[in-house]
Amino acid sequence: MHGTSAPARQSGEHGMSEYFDDLETRSADARQAAIARVLPEQIARAQALAGYDGALSGVEAQTISSVADLARLPVLRKSDLGRAQAAAAPFGGLTSRNANQFAHIFQSPGPIYEPGGDSHDWWRMGRFLHACGVGKGDIVQNCFGYHLTPAGMIFENGARAVGAAVLPAGTGQTELQARAAHDIGVTAYAGTPDYLKVILDKAAEMGLELKIAKAAVGGGALFPSLRQEYTDRGIACLQCYATADLGNIAYESPAQEGLIVDEGVLVEIVTPGTGDPVRPGDVGEVVVTTLNPDYPLIRFATGDLSAVMEGESPCGRTNMRIKGWMGRADQTTKIKGMFVRPEQVAALVARHDEIARARVIASREGEMDVMTVQIEADGGDPEIYAGSVAEALKLNGRVEIVARGSLPNDGKVIEDQRSYD
């Protein structure tokens, strides 16, 4: 949560603190007392914003003092953000600052605009990087994008919070990335799970020895086989769960038992399409309330599925744990770190009169995401659709022409064939 906390206890190499701060090891009573103090203030802050358009009217802010109390409030969805921003650009009247008072303004697909701050750990990514063992003396090769979307700056801000230096590498140009990692002496990687393997393989091909020993990944699933490959190469790889709107939501610790909810957000698991909490342990949609006073999103539905894990992490962090990403409440699927949505598939079909239906299939080959687009049409060269696929889906992929009526009649336009076990 925002505010001052007691310093963390010292442990580990070079005097590095075992924990980012003492908030991580609070008792349940102490955490609830803090929530009871700051949550009503956040509700009142949101009520004063035009973007909520009366959605929180009639609610006495002081009565919303626990996670359980949040169930009385409506759920805010991505579509609501889009409508609000269309009416009041760029942030839909949902921020407590004007646009020109933020350090950055980002654009994500939709388009949806997100604010960004540069104050200490504004996105709360420092907590995750600290859990990865990243700190002073490290050089982080940040391979998240810096162009328009916020992931690059989210991890940049986190690296500054833990005192690490940053190589702002972004994506692509793998040969240059491998050369820079070698020349600079990069010790840590931040980026999507599979791109690190691309850099490592390129460095080996070029005969370059790298010093990368830590990896902080997000934006896609960290498959067990890929994590094991990094372990075999001497790299400790941990994952986080974050979004452009909310920043860090939950993160792995070295215990690698579920994802620990960040101290600056409140997480509920609800029945998809509703705001009703599921029974403990049941799979449901992740709904997040952020305690960031600059951008008070209340009960924001992520569209992601997860479930609460019982007990506390063996690492000593005491906050609630979730099982990690378990799919989407809708068919939206993340491929190569980018979301592909059903409406994008519909837009692809609409571009060509001869296409009856289309289906996007996400699979894995050699620890890399692969996107295959199956198109129902009367024959033809698949390459003629490659440009439309890239434009509509914002990703390059294989195109296969299949006979009319051959795609399953199951309502799916996006199929994820990847195994998450």
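Q: What makes the pair formed by the backbone oxygen of Glu18 and the side chain of Arg317 a polar contact?
A: The oxygen lies 3.4 Å from a polar atom of the Arg317 side chain. A polar contact is a pair of N or O atoms within 3.5 Å; within protein, one must be able to donate a hydrogen and the other to accept it, and residues adjacent in sequence count only if both atoms are side-chain atoms. The value of 3.4 Å is within that limit, so the pair qualifies. The Arg317 side chain also makes a polar contact with the side chain of Glu24, at 3.1 Å.

Q: How do you know which values to use here?
A: This is a predicted model: local features need pLDDT of at least 70, side-chain atom pairs count only at pLDDT 80 or more, and totals for chains, interfaces and linings use all residues. Residues are numbered from 1 along each chain as its sequence is written, and side-chain values use heavy atoms, with hydrogens and water left out.

Q: Why is Arg317 called buried or exposed?
A: Its relative accessible area is 4%. Buried means under 20%, exposed over 50%, partly exposed in between (1.4 Å probe, protein chains only). Arg317 is therefore buried. It sits in the loop between strand E13 (308-309) and strand E14 (321-322). Helices (H or I, at least four residues) and strands (E, at least two) are DSSP runs, numbered from the N terminus.

Q: What is Arg317 in contact with, leaving aside its neighbours within four places in sequence?
A: Contact means heavy atoms within 4.5 Å. On that basis its partners include Tyr19, Ala131, Tyr251, Pro254 and Glu312.

Q: Why does Arg351 count as buried, exposed or partly exposed?
A: Its relative accessible area is 42%, so Arg351 is partly exposed. Arg351 is in the loop between helix H8 (342-350) and strand E17 (357-365). Not counting residues up to four places away in sequence, Arg351 touches Ser388, Glu391 and Ala392.

Q: What makes a set of residues the largest nonpolar core?
A: A nonpolar core is a set of buried Ala, Val, Leu, Ile, Met, Phe, Trp, Tyr and Cys residues joined through side-chain atoms within 4.5 Å. The largest has 36 residues. Leu39, Ile43, Tyr52, Leu81, Val267 and Ile322 have the most contacts inside it. Helix H1 (28-47), helix H2 (78-87) and strand E10 (265-270) are among the elements that each supply at least two residues of this core. H1 gives the most, with 5 residues. Another core lies apart from it, with 27 residues, among them Phe128 and Ile260.

Q: How do you know on which side of H2 the buried residues lie?
A: The buried residues of H2 are Leu81, Ala84 and Gln85. They cover an arc of only 95° around the axis, so they are on the same side of H2. The arc is that of the directions from the helix axis to the C-beta atoms. Arg83, Ala86 and Ala87 are exposed on the other side of H2. The cover over the buried residues includes strand E2 (112-116) and strand E12 (300-306).

Q: What makes the phi of Asp53 notable?
A: Most residues other than glycine have a negative phi, and most peptide bonds are trans. Asp53 is not a glycine, yet its phi is positive, about 45°. At 69% relative accessible area, Asp53 is exposed. Lys336 has a positive phi too, of about 55°. Lys336 has 40% relative accessibility, so it counts as partly exposed.

Q: Which kind of peptide bond joins Ala89 and Pro90?
A: It is cis, with omega about -5°. The bond from Gly110 to Pro111 is also cis, with omega near -5°.
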